[in-house]
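Biologist: Please take one helix pair and go through it closely. Then work outward from there, and keep it brisk.

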Amino acid sequence: MTQPTDSILIVDFGSQVTQLIARRVRESGVYSEIAPFTTADAALARMAPKGVILSGSPASVLDEGSPRIPQAILDSGVPILGICYGQQVLMHQLGGSVALGESGEFGHAMIEVTDACALFDGVWQTGESHQVWMSHGDKVTALAPGFRPVAVSPGSPIAVVADDVRKYYATQFHMEVAHTPDGAKLVANFARHVCGLTGQWTMAEFRAAKIAEIRAQVGKGRVICGLSGGVDSAVAAVLIHEAIGDQLTCVFVDGGILRAGEAEQVVSLFRGHYNIPLVHVDAQDLFMDGLAGVTDPEAKRKFIGKTFIDIFEAEAKKIGGADFLAQGTLYPDVIESVSFTGGPSVTIKSHHNVGGLPERMNMQLVEPLRELFKDEVRALGRELGLSEAFVGRHPFPGPGLAIRIPGEVTKERCDILRKADAIYLEEIRAAGLYDTIWQAFAVLLPVRSVGVMGDGRTYDNVLALRAVTSTDGMTAEAFQFPGDFLPRVATRIVNEVKGINRVTYDYTSKPPGTIEWE
């Protein structure tokens with residue numbers, strides 16, 4: 001993307017919540033990017049940021065080979081904010097001391113503000129106590145030269161430090177998580193007050209910059225865009241069409257793994273409302289045949305991704321060739337996960353639209369949403385004029401219902417799940433809860449149970465219902481429905497969907513679970 005003049009670089013030391021730091025910075029109206037500590041010096045040179053934030057980490061600065069701040073950052077003269085491990089490594093590298101704590105602090109904690117500093121301006125006053133979220137074993141025991149303590153907690157005598165001359169600040173607590181109520185205000189203070197940024201990064205600015213970038217990348221070439229039925233690919237397609245008009249052809253593949261009514265809605269939106277060239281491919285038999293006997297989640301994802309690419313390739317040939325393939329890839333899909341040793345982190349699950357294209361296609365990728373988080377995509381959709389009913393839809397995975405059917409995927413099982421899922425979402429909307437929930441869906445389990453209907457024995461499928469609250473999908477909590485809601489939905493599903501005789505509810509948070517089951 002055309003690099004914003006004002007930006008903040010976030011150095012990732014392997015924390016599970018680093019993406020939340022980027023979110024908080026962007027919420028303050030300032031553009032931010034994440035770079036692993038192993039490549040942060042290159043990111044510094046490319047971005048020329050006005051500030052740097054150092055993330056937490058599961059590592060200890062006392063361990064040999066643990067992550068370090070690139071010297072180029074310390075030599076850059078820009079303001080620095082360290083969070084948790086970021087505080088410890090900053091002190092360690094600048095001449096302070098860190099020791100293994102006799103007992104760590106984990107969870108809610110209260111800190112006392114002992115002195116004023118720019119990080120606290122307008123948020124916290126000297127003498128006040130505030131709730132924060134701690135998660136650390138090590139702690140700073142001696143300050144580096146130039147620093148002074150400005151807050152303490154029962155487990156951290158040096159909970160926040162400040163060097164006002166260099167504009168270096170560091171906290172032992174995690175200000176990026178929702179469990180620190182004033183955390184977002186502190187991040188905004190660093191971005192806008194300490195770094196002096198204006199907070200004018202908006203979706204309108206992004207839209208204009210991205211349209212110019214798409215035109216420069218594509219030139220007179222042709223683009224083919226795969227529509228999944230979800231918000232991301234739709235917003236990407238509308239943005240690209242605004243940039244290059246009929247040089248774009250959208251391909252909507254119905255593999256039989258979509259939600260009820262989704263195909264009709266997509267065709268109506270693109271052909272009717274936006275008048276965007278659209279090829280509608282009915283590939284249900286192809287997908288069902290290929291998924292027959294496949295039970296491994298990764299194998300499902302890879303088959304679906306490959307089959308989509310094969311169809312796009314065939315459709316590109318039919319329209320006389322395409323130079324580019326457009327995708328609705330988002331920032332969380334492409335941020336380089338980093339382990340605290342600097343090596344690759346464990347893959348939880350692959351994203352079918354990340355990882356490049358087969359060389360034989362000889363096409364380049366156009367990914368206009370690559371720098372955005374999910375809620376930012378929704379904001380861009382509104383900026384582009386997409387209806388709230390479409391923009392506000394719950395996230396839907398690229399592999400569709402195939403990963404909401406653990407075990408083998410068949411047409412019959414897709415039909416059962418589709419009908420049950422439609423009832424569940426209908427009831428959620430009727431109860432006025434749809435916009436309160438981040439994501440809700442049904443999962444058809446590879447389990448059968450004994451039941452009784454009309455004095456007769458049944459032996460049918462078990463359905464699990466899932467609904468979560470979240471701000472960005474990185475962490476999530478099970479949604480607490482009103483007392484009579486789930487029994488009512490269960491009754492409707494068992495009565496109206498042939499093949500289901502038992503309904504359960506998934507209360508698992510993320511982590512330890514993921515939002516989707518596969």
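Modeller: A crossing is right-handed if the near helix is turned clockwise from the far one by less than a right angle. Keep that in mind for α9 and α10. One caution before we begin: this is a predicted model.

Helix α9 covers residues 284–291, and helix α10 covers residues 297–318. Their axes come within 10 Å. They cross at roughly 150°, and the crossing is right-handed. On the α9 side, the contact uses L286, F287, G290 and L291. On the α10 side, the partners are K300, F303, I304, T307, F308 and I311. Sorted by class, this contact has 7 nonpolar, 2 polar and 1 charged residues.

Now follow α10 to its sheet. Helix α10 lies across four strands: β10 (223–227), β11, β12 and β13 (324–326). Against β11, α10 runs at about 135°. The sheet itself is open and has 5 strands. Read across, the order is β12-β11-β10-β13-β14, and the pairing is parallel. The edges are β12 (278–282) and β14 (364–366). Each edge strand has a single partner, so one side of each is left without a neighbour in the sheet. On average, neighbouring strands of this sheet are turned by 25° against each other, direction ignored.

Look at one edge in detail. Strand β11 spans residues 248–254 and pairs with β12 in the parallel sense. That pairing runs over 5 bridges. To find one of them, start at F252: its bridge partner in β12 is H280.

A second helix pair makes a useful comparison. Helix α15 covers residues 485–496, and its axis comes within 10 Å of the axis of α14. The two cross at roughly 145°. This crossing, too, is right-handed. From α14, the contact takes K419, A420, I423, Y424, E426, E427 and I428. From α15, it takes F485, R488, V489, R492, I493 and E496. By class, there are 7 nonpolar residues, no polar ones and 6 charged. Set that beside the contact of α9 with α10, with its 7 nonpolar, 2 polar and 1 charged residues.

Helix α14 (residues 411–430) also holds D415. Its relative accessible area is 33%, so D415 is partly exposed. D415 and G256 are 159 residues apart along the chain. Their C-alpha atoms are separated by 8.7 Å. Contrast W201 and N461, 260 residues apart along the chain, with C-alpha atoms separated by 50 Å. W201 sits in the loop between α5 (183–194) and α6 (203–218). Its relative accessible area is 10%; buried means under 20%, so W201 is buried.

Next, the N-terminal part of the chain. Strand β1 (residues 7–12) is mostly covered, with 6 of its 6 residues buried. In a regular strand the side chains alternate between the two faces of the sheet. For β1, S7, L9 and V11 are on one side, and I8, I10 and D12 are on the other. Both faces are covered.

Two strands pair with β1. Strand β2 (residues 31–36) does so in the parallel sense over 6 bridges. There, D12 stands opposite P36. Strand β3 (residues 51–54) also pairs with β1 in the parallel sense, over 4 bridges. In β3, V52 is the bridge partner of L9.

The path from β1 to β2 involves helix α1. Together, β1, α1 and β2 make a right-handed β-α-β unit. Helix α1 (residues 18–27) has 9 of its 10 residues buried, so it is largely enclosed by the rest of the structure. The buried ones are T18, Q19, L20, I21, A22, R23, R24, V25 and R26. Note that R23, R24 and R26 are on that list. Just after α1, G29 takes a positive phi of about 90°.

Last, a pairing in the other sense. Strands of a sheet pair through backbone hydrogen bonds, either parallel or antiparallel. Strand β7 (residues 148–153) and strand β8 (residues 156–163) pair in the antiparallel sense. They share 4 bridges. R148 stands opposite A162 in β8. The two strands form a hairpin, with 2 residues between them.

Technical notes. Residues numbered from 1 in each chain as written. Predicted model: local features only at pLDDT ≥ 70, side-chain atom pairs only at ≥ 80, totals over all residues. Heavy atoms only, no water. Buried < 20%, exposed > 50% of the residue type's maximum accessible area, 1.4 Å probe, protein only. Axes fitted to C-alpha atoms, helices over the stretch in contact; angles between N-to-C directions. Contact = heavy atoms within 4.5 Å. Nonpolar A, V, L, I, M, F, W, Y, C, P; charged D, E, K, R; others polar. Pairing = 2+ DSSP bridges. Right-handed = clockwise from strand over helix to strand, strands pointing away.
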